[in-house]
Amino acid sequence: MSSINACLEGIARANERLLAQPLDKRREHIRERTVRVIVPDLDTAFDMRLTADGLTDVTPRPLDAPATPQVRVTVSSDDLVELAEDRLDPARALFSRRLKVDASIGDLLRMRRLL
């Protein structure tokens, strides 16, 4: 099991990859959204905003903290770190149910274009 700090570092790495995309591409495919990454094995959720300027306001909270995110991602701490380090393919993680994403179809399609 990875730690909360390792997950925060993983989110920061994912943000770096997102910011490596050209700004015009980010503006085309990203709509500002609230995101909650749920990490059940740590009893923690990471709340944040996804914008064309990256992931902002990343805040760890207890799982029972109230939230109504537009995008909800559920993943184990180890898988979150592996995804961030590019050691786990997002599509494979989705199909094997190691990663669960609850979002609108439009949001899913936009995010897919950025991967």
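Q: What makes S1 and S4 a pair, and in which sense do they pair?
A: Two strands pair if DSSP finds at least two bridges between them. S1 and S4 have four bridges, in the parallel sense, so they meet that definition. Within this pairing, valine 37 stands opposite valine 73 in S4. The model is predicted: local features need pLDDT of at least 70, side-chain atom pairs count only at pLDDT 80 or more, and totals for chains, interfaces and linings use all residues. Residues are numbered from 1 along each chain as its sequence is written, and side-chain values use heavy atoms, with hydrogens and water left out.

Q: What makes a run of residues a helix or a strand here?
A: Both are DSSP runs, numbered from the N terminus: helices are H or I over at least four residues, strands are E over at least two. Strand S1 spans 33-39 and strand S4 spans 71-75. Helix H1 covers residues 4-20.

Q: How do you know that S1 pairs with S2 as well, and which way do they run?
A: Seven bridges join S1 to S2, and the two run antiparallel. One partnership links arginine 36 to aspartate 47 in S2. The two strands form a hairpin with four residues between them.

Q: Which strands are called edge strands, and why?
A: The sheet is open, has five strands with mixed pairing, and follows the order S3-S2-S1-S4-S5. Strand S3 (54-62) and strand S5 (99-102) each pair on one side only, which makes them the edges. From one strand to the next, the twist averages 20°. S3 is joined to S2 (residues 44-51) by seven bridges, and these two strands run antiparallel. Threonine 51 has glycine 54 as its bridge partner in S3.

Q: How do you know that H1 packs on the sheet?
A: H1 touches S2 and S3; contact means heavy atoms within 4.5 Å. The direction of H1 makes about 165° with that of S3. Such angles run from 0 to 180 degrees between N-to-C directions, with axes as lines fitted to C-alpha atoms, for helices over the stretch in contact.

Q: Why is asparagine 15 called buried or exposed?
A: Buried means under 20% relative accessible area, exposed over 50%, and partly exposed in between (1.4 Å probe, protein chains only). Asparagine 15 has 15%, so it counts as buried. Asparagine 15 sits in helix H1. Beyond residues up to four places away in sequence, it touches Gly54 and Leu55.

Q: What makes the approach of asparagine 15 to leucine 55 a polar contact?
A: A polar contact is a pair of N or O atoms within 3.5 Å; within protein, one must be able to donate a hydrogen and the other to accept it, and residues adjacent in sequence count only if both atoms are side-chain atoms. The backbone nitrogen of leucine 55 lies 2.7 Å from a polar side-chain atom of asparagine 15. That distance falls within the cut-off.

Q: Why is H3 called largely enclosed?
A: Six of the eight residues of H3 are buried, so the rest of the structure largely encloses it. Those residues are Ser77, Asp79, Leu80, Val81, Leu83 and Ala84. They pack against H1, S1, S4, helix H4 (90-95) and S5. H3 itself (residues 77-84) lies across S1, S4 and S5, at about 105° to S4.

Q: What makes S1 a mostly covered strand?
A: Six of its seven residues are buried.

Q: What makes a set of residues a nonpolar core, and which have the most contacts inside the largest one?
A: Such a core is a set of buried Ala, Val, Leu, Ile, Met, Phe, Trp, Tyr and Cys residues joined through side-chain atoms within 4.5 Å. The largest has 20 residues, with Val37, Phe46 and Met48 making the most contacts inside it. H1, S1, S2, S4 and H3 each give two or more residues to this core. Methionine 48 touches residues beyond four places in sequence, among them Ile11, Val37 and Leu55.

Q: Why is aspartate 43 called buried or exposed?
A: Aspartate 43 has a relative accessible area of 53%, so it is exposed. This residue lies in the loop between S1 and S2. Its phi is positive, about 50°, although it is not a glycine.

Q: Why is aspartate 57 called buried or exposed?
A: At 58% relative accessibility, aspartate 57 counts as exposed. Aspartate 57 lies in strand S3. Its phi is also positive, about 55°, although it is not a glycine.

Q: Why is glutamate 9 neither called buried nor exposed?
A: Its relative accessible area is 47%, so glutamate 9 is partly exposed. Glutamate 9 belongs to helix H1.
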